[in-house]
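Open the structure and keep the sequence beside it. This report goes through helices, sheets and the ligand shell in turn.

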Amino acid sequence: MRSVENSYDHIIIGAGAAGLHLLLQIISRPSLADKRILVLEPSKKDENDRTWCYWEKGEGQWDHLLTGRWAEGNFHGPSHSVPLSLNGYEYKMLRGLDFYRYALEKVKASPNIHLHHEKVSEVRRKGEWMQVQTDGGLYYSPLIFDSRIPKAFEKKNDGHQRLLQHFKGKLIRTEERTFDPSTFTMMDFRASWKGSTSFCYVLPTSPHEALVEYTLFTDTLLSPEEYETLVNKEIEGRLKIKNYTTIEEEFGVIPMSDFPFEEQQEPGQLLIGTAGGWVRPSSGYSFKNAERYAKMVVDALVAGETLPTRPFKARHRFYDRILLNILLEENSLGPVIFEQLYHRNATDRILRFLDEQSSFKEDVQLMLSLDSAPFLRALKRLYL
Ligand SMILES: Cc1cc2nc3c(=O)[nH]c(=O)nc-3n(C[C@H](O)[C@H](O)[C@H](O)COP(=O)(O)OP(=O)(O)OC[C@H]3O[C@@H](n4cnc5c(N)ncnc54)[C@H](O)[C@@H]3O)c2cc1C
(Lines give C-alpha, C1' and ligand atoms only; values in the text may rest on other atoms or scores of the structure.)
Protein backbone atom coordinates (compact mmCIF):
# COMPACT_ATOMS: atom_id res chain seq x y z
CA MET A 1 0.00 0.00 0.00
CA ARG A 2 1.20 3.48 -0.82
CA SER A 3 1.77 5.75 2.15
CA VAL A 4 3.61 9.00 2.87
CA GLU A 5 6.55 6.98 4.25
CA ASN A 6 7.11 4.87 1.12
CA SER A 7 6.43 7.66 -1.40
CA TYR A 8 9.21 9.80 -2.86
CA ASP A 9 9.46 12.66 -5.34
CA HIS A 10 12.06 10.67 -7.27
CA ILE A 11 13.59 7.22 -7.06
CA ILE A 12 17.03 6.54 -8.50
CA ILE A 13 17.72 2.87 -9.26
CA GLY A 14 21.47 2.19 -9.23
CA ALA A 15 24.21 4.30 -7.64
CA GLY A 16 26.81 3.73 -10.36
CA ALA A 17 28.33 6.36 -12.60
CA ALA A 18 25.02 7.66 -13.95
CA GLY A 19 23.02 7.43 -10.71
CA LEU A 20 25.74 9.22 -8.75
CA HIS A 21 26.26 11.93 -11.38
CA LEU A 22 22.51 12.52 -11.26
CA LEU A 23 22.50 12.63 -7.45
CA LEU A 24 25.44 15.07 -7.33
CA GLN A 25 23.59 17.32 -9.77
CA ILE A 26 20.40 17.15 -7.69
CA ILE A 27 22.33 17.86 -4.46
CA SER A 28 23.95 20.92 -6.08
CA ARG A 29 20.57 22.58 -6.83
CA PRO A 30 19.06 24.49 -3.89
CA SER A 31 15.61 24.39 -5.55
CA LEU A 32 15.58 20.58 -5.22
CA ALA A 33 16.65 20.50 -1.55
CA ASP A 34 13.09 19.82 -0.36
CA LYS A 35 12.54 16.86 -2.72
CA ARG A 36 12.41 13.46 -1.04
CA ILE A 37 14.70 11.18 -3.02
CA LEU A 38 15.24 7.45 -2.65
CA VAL A 39 18.33 5.69 -4.01
CA LEU A 40 18.15 1.91 -4.40
CA GLU A 41 21.52 0.21 -4.79
CA PRO A 42 22.37 -3.32 -3.59
CA SER A 43 26.15 -2.75 -3.53
CA LYS A 44 27.94 -0.82 -0.77
CA LYS A 45 30.15 0.66 -3.52
CA ASP A 46 33.20 0.15 -1.32
CA GLU A 47 35.43 -1.58 -3.88
CA ASN A 48 37.42 -0.21 -6.77
CA ASP A 49 35.54 -2.17 -9.44
CA ARG A 50 36.62 0.08 -12.35
CA THR A 51 38.85 2.91 -13.45
CA TRP A 52 37.36 5.67 -15.55
CA CYS A 53 39.36 7.50 -18.17
CA TYR A 54 38.15 10.53 -20.05
CA TRP A 55 39.55 13.68 -21.59
CA GLU A 56 38.73 17.32 -21.11
CA LYS A 57 40.24 20.76 -21.60
CA GLY A 58 41.56 22.60 -18.56
CA GLU A 59 40.41 22.08 -15.02
CA GLY A 60 37.55 19.67 -14.40
CA GLN A 61 35.11 18.85 -11.64
CA TRP A 62 36.87 15.66 -10.50
CA ASP A 63 40.50 16.83 -10.67
CA HIS A 64 40.88 16.60 -6.88
CA LEU A 65 40.10 12.86 -7.13
CA LEU A 66 42.35 11.92 -10.07
CA THR A 67 45.15 9.36 -9.87
CA GLY A 68 46.63 10.29 -13.24
CA ARG A 69 46.51 12.95 -15.96
CA TRP A 70 48.49 13.25 -19.17
CA ALA A 71 48.90 15.94 -21.83
CA GLU A 72 51.09 13.75 -24.05
CA GLY A 73 50.64 10.23 -25.23
CA ASN A 74 51.38 7.83 -28.02
CA PHE A 75 49.53 5.57 -30.40
CA HIS A 76 50.92 2.43 -32.01
CA GLY A 77 49.21 1.09 -35.12
CA PRO A 78 50.17 -2.05 -37.06
CA SER A 79 52.68 -0.03 -39.15
CA HIS A 80 53.04 3.46 -37.67
CA SER A 81 53.63 4.86 -34.20
CA VAL A 82 52.37 8.38 -33.60
CA PRO A 83 53.23 10.73 -30.72
CA LEU A 84 50.02 12.34 -29.50
CA SER A 85 50.00 15.95 -28.42
CA LEU A 86 46.62 16.61 -26.88
CA ASN A 87 46.71 20.38 -27.64
CA GLY A 88 45.05 21.67 -24.50
CA TYR A 89 43.18 18.46 -23.66
CA GLU A 90 44.28 16.13 -20.89
CA TYR A 91 43.58 12.45 -20.59
CA LYS A 92 42.47 11.84 -17.00
CA MET A 93 42.16 8.74 -14.85
CA LEU A 94 39.75 8.43 -11.96
CA ARG A 95 39.39 5.37 -9.74
CA GLY A 96 35.77 4.27 -9.37
CA LEU A 97 36.15 3.93 -5.60
CA ASP A 98 37.33 7.53 -5.19
CA PHE A 99 34.28 8.78 -7.07
CA TYR A 100 31.90 6.50 -5.11
CA ARG A 101 33.36 7.68 -1.75
CA TYR A 102 33.13 11.34 -2.72
CA ALA A 103 29.53 11.05 -3.95
CA LEU A 104 28.36 8.91 -1.02
CA GLU A 105 29.76 11.46 1.47
CA LYS A 106 27.62 14.11 -0.25
CA VAL A 107 24.61 11.78 -0.08
CA LYS A 108 25.19 11.20 3.64
CA ALA A 109 25.24 14.96 4.24
CA SER A 110 21.92 15.47 2.40
CA PRO A 111 18.96 14.77 4.73
CA ASN A 112 16.47 14.64 1.83
CA ILE A 113 18.30 11.71 0.19
CA HIS A 114 17.65 8.19 1.45
CA LEU A 115 19.98 5.39 0.37
CA HIS A 116 18.69 1.83 0.78
CA HIS A 117 20.95 -1.10 -0.06
CA GLU A 118 18.24 -3.08 -1.84
CA LYS A 119 17.93 -4.73 -5.23
CA VAL A 120 15.01 -3.79 -7.47
CA SER A 121 13.10 -6.78 -8.81
CA GLU A 122 10.20 -5.12 -10.59
CA VAL A 123 8.95 -1.73 -11.71
CA ARG A 124 5.29 -1.28 -12.57
CA ARG A 125 3.04 1.61 -13.49
CA LYS A 126 0.13 2.14 -11.05
CA GLY A 127 -1.95 5.05 -12.28
CA GLU A 128 0.06 8.23 -11.78
CA TRP A 129 2.73 6.40 -9.79
CA MET A 130 5.63 4.06 -10.54
CA GLN A 131 5.67 1.16 -8.10
CA VAL A 132 9.14 -0.20 -7.34
CA GLN A 133 9.47 -3.63 -5.75
CA THR A 134 12.79 -4.51 -4.09
CA ASP A 135 14.06 -7.35 -1.91
CA GLY A 136 13.42 -5.02 1.04
CA GLY A 137 10.14 -3.26 0.32
CA LEU A 138 7.73 -1.49 -1.98
CA TYR A 139 8.20 2.16 -2.95
CA TYR A 140 6.34 4.72 -5.05
CA SER A 141 7.30 7.76 -7.08
CA PRO A 142 5.85 9.65 -10.04
CA LEU A 143 9.31 9.71 -11.66
CA ILE A 144 12.07 7.11 -11.46
CA PHE A 145 15.58 7.18 -12.93
CA ASP A 146 16.56 3.64 -13.82
CA SER A 147 20.06 2.30 -14.57
CA ARG A 148 19.02 -1.35 -15.10
CA ILE A 149 19.68 -2.54 -18.66
CA PRO A 150 16.30 -3.07 -20.39
CA LYS A 151 15.37 -6.75 -20.92
CA ALA A 152 14.77 -6.11 -24.64
CA PHE A 153 18.51 -5.51 -25.07
CA GLU A 154 19.19 -9.16 -24.15
CA LYS A 155 17.12 -10.29 -27.14
CA LYS A 156 19.20 -10.72 -30.26
CA ASN A 157 18.06 -10.71 -33.91
CA ASP A 158 16.10 -7.48 -33.64
CA GLY A 159 17.99 -5.78 -36.48
CA HIS A 160 20.29 -3.81 -34.17
CA GLN A 161 24.04 -4.20 -34.14
CA ARG A 162 25.73 -5.43 -30.97
CA LEU A 163 29.44 -5.42 -30.42
CA LEU A 164 31.26 -5.87 -27.12
CA GLN A 165 34.13 -3.91 -25.69
CA HIS A 166 35.71 -6.37 -23.27
CA PHE A 167 38.92 -6.01 -21.37
CA LYS A 168 41.12 -7.09 -18.54
CA GLY A 169 43.50 -4.73 -16.80
CA LYS A 170 46.16 -5.01 -14.13
CA LEU A 171 47.47 -2.23 -11.96
CA ILE A 172 51.06 -3.27 -11.44
CA ARG A 173 53.92 -2.07 -9.26
CA THR A 174 57.61 -2.58 -10.05
CA GLU A 175 60.65 -2.33 -7.76
CA GLU A 176 62.72 -0.57 -10.41
CA ARG A 177 61.86 2.72 -12.10
CA THR A 178 60.06 1.40 -15.19
CA PHE A 179 57.49 3.90 -16.47
CA ASP A 180 57.48 7.49 -17.67
CA PRO A 181 54.41 8.99 -15.95
CA SER A 182 54.42 12.06 -18.24
CA THR A 183 53.08 10.07 -21.19
CA PHE A 184 50.50 7.32 -21.74
CA THR A 185 49.70 4.81 -24.46
CA MET A 186 46.24 5.42 -25.87
CA MET A 187 46.12 2.33 -28.08
CA ASP A 188 48.76 -0.21 -29.06
CA PHE A 189 47.60 -2.47 -31.87
CA ARG A 190 50.94 -4.19 -32.42
CA ALA A 191 49.76 -7.40 -30.75
CA SER A 192 46.16 -7.67 -31.94
CA TRP A 193 44.49 -10.94 -30.95
CA LYS A 194 44.07 -13.19 -34.03
CA GLY A 195 43.91 -10.15 -36.32
CA SER A 196 40.90 -8.70 -34.50
CA THR A 197 40.30 -5.12 -33.37
CA SER A 198 42.14 -5.46 -30.09
CA PHE A 199 44.78 -3.38 -28.40
CA CYS A 200 46.59 -2.66 -25.21
CA TYR A 201 46.82 0.61 -23.31
CA VAL A 202 49.22 1.68 -20.61
CA LEU A 203 48.50 4.38 -18.03
CA PRO A 204 51.56 5.03 -15.84
CA THR A 205 50.79 6.91 -12.62
CA SER A 206 54.39 6.91 -11.32
CA PRO A 207 57.78 5.50 -12.39
CA HIS A 208 56.82 2.35 -10.44
CA GLU A 209 53.10 1.97 -11.19
CA ALA A 210 50.89 1.59 -14.25
CA LEU A 211 47.53 0.23 -15.34
CA VAL A 212 48.07 -2.13 -18.26
CA GLU A 213 44.85 -3.15 -19.95
CA TYR A 214 44.09 -5.41 -22.91
CA THR A 215 40.89 -4.54 -24.78
CA LEU A 216 38.95 -6.21 -27.59
CA PHE A 217 36.14 -4.85 -29.77
CA THR A 218 34.56 -8.13 -30.90
CA ASP A 219 31.17 -9.83 -30.70
CA THR A 220 32.15 -12.71 -28.40
CA LEU A 221 33.91 -12.92 -25.06
CA LEU A 222 37.11 -14.89 -24.42
CA SER A 223 37.80 -17.33 -21.62
CA PRO A 224 39.31 -15.96 -18.36
CA GLU A 225 42.60 -17.70 -19.22
CA GLU A 226 42.77 -15.98 -22.60
CA TYR A 227 42.42 -12.48 -21.07
CA GLU A 228 45.08 -13.40 -18.53
CA THR A 229 47.46 -14.55 -21.27
CA LEU A 230 46.87 -11.42 -23.36
CA VAL A 231 47.50 -8.95 -20.57
CA ASN A 232 50.50 -10.90 -19.24
CA LYS A 233 52.01 -11.03 -22.74
CA GLU A 234 51.85 -7.24 -22.90
CA ILE A 235 53.44 -6.81 -19.48
CA GLU A 236 56.11 -9.48 -19.73
CA GLY A 237 56.60 -9.62 -23.52
CA ARG A 238 56.15 -6.15 -24.95
CA LEU A 239 56.96 -4.07 -21.85
CA LYS A 240 59.60 -6.62 -20.78
CA ILE A 241 58.68 -6.37 -17.10
CA LYS A 242 59.64 -9.50 -15.24
CA ASN A 243 59.44 -8.46 -11.60
CA TYR A 244 56.17 -6.86 -10.65
CA THR A 245 53.31 -7.11 -8.20
CA THR A 246 49.69 -6.93 -9.26
CA ILE A 247 47.92 -4.48 -6.95
CA GLU A 248 44.46 -4.58 -8.55
CA GLU A 249 42.72 -6.22 -11.47
CA GLU A 250 39.68 -5.13 -13.43
CA PHE A 251 37.52 -6.88 -15.97
CA GLY A 252 34.70 -5.28 -17.87
CA VAL A 253 32.27 -5.68 -20.74
CA ILE A 254 30.70 -2.60 -22.29
CA PRO A 255 27.99 -2.93 -24.94
CA MET A 256 28.69 -1.04 -28.17
CA SER A 257 25.36 -0.97 -29.96
CA ASP A 258 22.92 1.06 -32.02
CA PHE A 259 20.05 -0.44 -29.97
CA PRO A 260 17.50 2.34 -29.22
CA PHE A 261 17.77 2.27 -25.40
CA GLU A 262 15.73 5.45 -25.01
CA GLU A 263 12.69 3.83 -26.68
CA GLN A 264 12.42 1.22 -23.91
CA GLN A 265 11.24 3.56 -21.19
CA GLU A 266 7.67 4.22 -20.21
CA PRO A 267 6.08 7.41 -18.87
CA GLY A 268 7.35 8.05 -15.35
CA GLN A 269 10.67 6.31 -16.06
CA LEU A 270 13.91 7.72 -17.46
CA LEU A 271 16.60 5.20 -18.33
CA ILE A 272 20.04 6.50 -17.42
CA GLY A 273 23.65 5.47 -18.00
CA THR A 274 24.37 2.42 -20.12
CA ALA A 275 20.66 1.55 -19.86
CA GLY A 276 19.74 4.95 -21.33
CA GLY A 277 22.22 4.71 -24.22
CA TRP A 278 24.67 7.14 -22.61
CA VAL A 279 27.63 5.02 -23.77
CA ARG A 280 29.02 6.27 -27.09
CA PRO A 281 28.53 3.16 -29.28
CA SER A 282 31.74 3.55 -31.29
CA SER A 283 34.09 4.11 -28.34
CA GLY A 284 32.49 2.71 -25.17
CA TYR A 285 33.30 5.94 -23.31
CA SER A 286 30.53 7.16 -21.06
CA PHE A 287 31.81 8.75 -17.85
CA LYS A 288 31.87 12.30 -19.24
CA ASN A 289 28.61 11.68 -21.12
CA ALA A 290 27.01 10.71 -17.82
CA GLU A 291 28.27 13.98 -16.30
CA ARG A 292 26.90 15.95 -19.28
CA TYR A 293 23.53 14.18 -19.53
CA ALA A 294 22.94 14.21 -15.76
CA LYS A 295 23.30 17.99 -15.89
CA MET A 296 20.89 18.24 -18.86
CA VAL A 297 18.35 16.05 -17.07
CA VAL A 298 18.51 18.03 -13.82
CA ASP A 299 18.41 21.37 -15.70
CA ALA A 300 15.14 20.19 -17.28
CA LEU A 301 13.85 18.93 -13.92
CA VAL A 302 14.49 22.30 -12.28
CA ALA A 303 12.91 24.19 -15.19
CA GLY A 304 9.88 21.87 -15.21
CA GLU A 305 10.60 20.95 -18.84
CA THR A 306 10.35 17.60 -20.65
CA LEU A 307 13.38 15.46 -19.77
CA PRO A 308 15.86 14.87 -22.60
CA THR A 309 15.81 11.26 -23.80
CA ARG A 310 17.91 11.12 -26.95
CA PRO A 311 21.60 11.20 -26.22
CA PHE A 312 23.97 11.87 -29.14
CA LYS A 313 23.26 13.90 -32.24
CA ALA A 314 21.64 12.13 -35.20
CA ARG A 315 24.70 12.52 -37.42
CA HIS A 316 26.96 11.00 -34.77
CA ARG A 317 24.59 8.06 -34.37
CA PHE A 318 24.89 7.59 -38.12
CA TYR A 319 28.73 7.63 -38.03
CA ASP A 320 28.70 5.18 -35.10
CA ARG A 321 26.35 2.85 -36.93
CA ILE A 322 28.73 2.69 -39.90
CA LEU A 323 31.81 2.07 -37.76
CA LEU A 324 29.98 -0.59 -35.73
CA ASN A 325 29.06 -2.33 -38.96
CA ILE A 326 32.68 -2.41 -40.14
CA LEU A 327 33.83 -3.73 -36.76
CA LEU A 328 31.14 -6.42 -36.83
CA GLU A 329 31.51 -7.51 -40.46
CA GLU A 330 35.20 -6.78 -41.15
CA ASN A 331 36.68 -6.78 -37.65
CA SER A 332 40.28 -7.22 -38.85
CA LEU A 333 40.16 -3.74 -40.47
CA GLY A 334 39.84 -1.96 -37.11
CA PRO A 335 43.60 -1.59 -36.42
CA VAL A 336 44.23 0.02 -39.84
CA ILE A 337 41.22 2.35 -39.54
CA PHE A 338 42.34 3.55 -36.09
CA GLU A 339 45.90 3.93 -37.40
CA GLN A 340 44.71 6.12 -40.28
CA LEU A 341 42.60 8.14 -37.85
CA TYR A 342 45.48 8.88 -35.45
CA HIS A 343 48.21 9.13 -38.11
CA ARG A 344 46.32 11.55 -40.35
CA ASN A 345 44.48 13.77 -37.85
CA ALA A 346 45.47 16.01 -34.95
CA THR A 347 44.50 14.32 -31.67
CA ASP A 348 42.41 17.29 -30.49
CA ARG A 349 40.31 17.05 -33.65
CA ILE A 350 39.63 13.35 -32.91
CA LEU A 351 38.71 14.11 -29.29
CA ARG A 352 36.40 16.94 -30.37
CA PHE A 353 34.75 14.54 -32.82
CA LEU A 354 34.27 11.89 -30.12
CA ASP A 355 32.74 14.58 -27.87
CA GLU A 356 30.33 15.62 -30.67
CA GLN A 357 31.90 19.09 -30.50
CA SER A 358 33.25 19.03 -34.06
CA SER A 359 31.59 20.97 -36.88
CA PHE A 360 30.12 19.12 -39.84
CA LYS A 361 33.04 20.43 -41.96
CA GLU A 362 35.53 18.94 -39.46
CA ASP A 363 33.63 15.63 -39.50
CA VAL A 364 33.91 15.50 -43.30
CA GLN A 365 37.65 16.34 -43.17
CA LEU A 366 38.16 13.57 -40.64
CA MET A 367 36.24 11.05 -42.71
CA LEU A 368 38.08 12.00 -45.90
CA SER A 369 41.32 11.16 -44.10
CA LEU A 370 40.27 7.49 -43.95
CA ASP A 371 40.22 5.01 -46.84
CA SER A 372 36.65 5.08 -48.07
CA ALA A 373 36.21 1.46 -49.28
CA PRO A 374 35.25 -0.16 -45.92
CA PHE A 375 32.83 2.70 -45.18
CA LEU A 376 31.16 2.40 -48.61
CA ARG A 377 30.80 -1.37 -48.11
CA ALA A 378 29.21 -0.76 -44.68
CA LEU A 379 26.82 1.82 -46.18
CA LYS A 380 25.83 -0.72 -48.82
CA ARG A 381 25.29 -3.48 -46.22
CA LEU A 382 23.20 -1.20 -44.01
CA TYR A 383 21.15 0.81 -46.47
CA LEU A 384 20.97 -0.91 -49.89
C1 LIG B 1 35.67 -2.12 -15.66
C2 LIG B 1 35.07 -0.99 -16.46
C3 LIG B 1 35.90 0.07 -16.86
C4 LIG B 1 35.33 1.15 -17.58
N5 LIG B 1 36.16 2.17 -17.97
C6 LIG B 1 35.62 3.24 -18.57
C7 LIG B 1 36.42 4.37 -18.88
O8 LIG B 1 37.64 4.35 -18.71
N9 LIG B 1 35.83 5.47 -19.41
C10 LIG B 1 34.48 5.51 -19.65
O11 LIG B 1 33.98 6.55 -20.09
N12 LIG B 1 33.72 4.44 -19.42
C13 LIG B 1 34.24 3.32 -18.88
N14 LIG B 1 33.45 2.24 -18.62
C15 LIG B 1 32.07 2.27 -19.13
C16 LIG B 1 31.09 3.07 -18.28
O17 LIG B 1 31.60 4.33 -17.94
C18 LIG B 1 30.78 2.39 -17.00
O19 LIG B 1 30.28 1.14 -17.29
C20 LIG B 1 29.80 3.19 -16.16
O21 LIG B 1 29.98 2.76 -14.85
C22 LIG B 1 28.36 3.05 -16.62
O23 LIG B 1 27.53 3.74 -15.73
P24 LIG B 1 26.12 3.17 -15.29
O25 LIG B 1 25.64 4.03 -14.19
O26 LIG B 1 25.26 2.97 -16.47
O27 LIG B 1 26.42 1.71 -14.75
P28 LIG B 1 27.14 1.28 -13.42
O29 LIG B 1 28.20 2.25 -13.05
O30 LIG B 1 27.52 -0.14 -13.61
O31 LIG B 1 26.00 1.41 -12.33
C32 LIG B 1 24.81 0.65 -12.35
C33 LIG B 1 24.42 0.44 -10.90
O34 LIG B 1 23.12 -0.13 -10.86
C35 LIG B 1 23.11 -1.09 -9.84
N36 LIG B 1 22.04 -2.05 -10.15
C37 LIG B 1 22.03 -3.00 -11.09
N38 LIG B 1 20.89 -3.73 -11.02
C39 LIG B 1 20.18 -3.19 -10.03
C40 LIG B 1 18.92 -3.51 -9.47
N41 LIG B 1 18.16 -4.52 -9.93
N42 LIG B 1 18.46 -2.78 -8.42
C43 LIG B 1 19.21 -1.72 -7.94
N44 LIG B 1 20.42 -1.39 -8.43
C45 LIG B 1 20.88 -2.13 -9.45
C46 LIG B 1 24.49 -1.73 -9.87
O47 LIG B 1 24.82 -2.33 -8.63
C48 LIG B 1 25.36 -0.51 -10.18
O49 LIG B 1 25.86 0.10 -9.00
C50 LIG B 1 33.96 1.15 -17.91
C51 LIG B 1 33.18 0.07 -17.53
C52 LIG B 1 33.71 -0.99 -16.81
C53 LIG B 1 32.81 -2.15 -16.43
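## Helix packing

An axis here is a line fitted to C-alpha atoms, for helices over the stretch in contact, and angles run from 0 to 180 degrees between N-to-C directions. Two packed helices are described by the angle between their axes and the distance between the axes. The model is predicted.

Start with α1 and α4. They pack at an angle of about 40°, and their axes lie 8 Å apart. Angles under 35 degrees count as roughly parallel, and 65 to 115 as roughly perpendicular. That makes α1 oblique to α4. The crossing of α1 past α4 is right-handed.

Now take α1 with helix α2, which spans residues 96-108. The angle is about 40° for this pair, and the axes of α1 and α2 are 10 Å apart. α1 and α2 are therefore oblique to each other. Their crossing is left-handed.

## The sheet of β3, β7 and β4

Strands of a sheet pair through backbone hydrogen bonds, either parallel or antiparallel. Which order do the strands of this open sheet have? The order is β3-β7-β4, three strands with antiparallel pairing. β3 (51-57) and β4 (68-70) are the edge strands, and each pairs on one side only. Neighbouring strands of this sheet are turned by 20° against each other on average, direction ignored.

Look at one pairing in detail. β7 covers residues 89-95, and three bridges join β4 to β7. The two strands run antiparallel. Find Arg69: it stands opposite Lys92 in β7.

## The sheet of β9, β10 and β11

Another open sheet has three strands in the order β9-β10-β11, and the pairing is antiparallel. Its edge strands are β9 (120-126) and β11 (138-141), each pairing on one side only. From one strand to the next, the twist averages 20°.

β10 spans residues 129-134. How many bridges join β9 to β10? There are six, and these strands run antiparallel. Lys126 has Trp129 in β10 as its bridge partner.

## Strand β13 and its partners

Strand β13 covers residues 162-174. It is joined to β17 by 13 bridges, and the two run antiparallel. One of the residue pairs is easy to locate: the bridge partner of Gln165 is Ile254 in β17.

β13 also pairs with strand β16, residues 209-218. Here 10 bridges join the strands, which run antiparallel. Arg173 stands opposite Glu209 in β16. In a regular strand the side chains alternate between the two faces of the sheet.

## Around the ligand

Which residues are closest to the ligand? They are Gly14, Gly16, Ala18, Gly252 and Gly273, out of 29 residues that surround the ligand. Four elements each give two or more residues to this shell: α1 (17-27), β3, β17 (244-257) and α4 (287-303). Helices α1 and α4, packed with their axes 8 Å apart, thus appear again here.

What kinds of residue make up the shell around the ligand? The shell divides into 15 nonpolar, nine polar and five charged residues. The shell also draws on two domains, with at least three residues from each. Domain 1 consists of 10-49 + 96-157 + 258-303, and domain 2 of 162-256.

Note on methods: Residues are numbered from 1 along each chain as its sequence is written. This is a predicted model: local features need pLDDT of at least 70, side-chain atom pairs count only at pLDDT 80 or more; totals for chains, interfaces and linings use all residues. Two strands pair if DSSP finds at least two bridges between them. A residue is near a molecule or strand if its C-beta atom, placed from the backbone, lies within 6 Å of it. Ala, Val, Leu, Ile, Met, Phe, Trp, Tyr, Cys and Pro count as nonpolar, Asp, Glu, Lys and Arg as charged, and the others, Gly among them, as polar. Domain bounds come from an automatic or database domain assignment. Angles under 35 degrees count as roughly parallel, over 145 as roughly antiparallel, 65 to 115 as roughly perpendicular and the rest as oblique. A crossing is left-handed if the near helix is turned anticlockwise from the far one by less than a right angle, and right-handed if clockwise.
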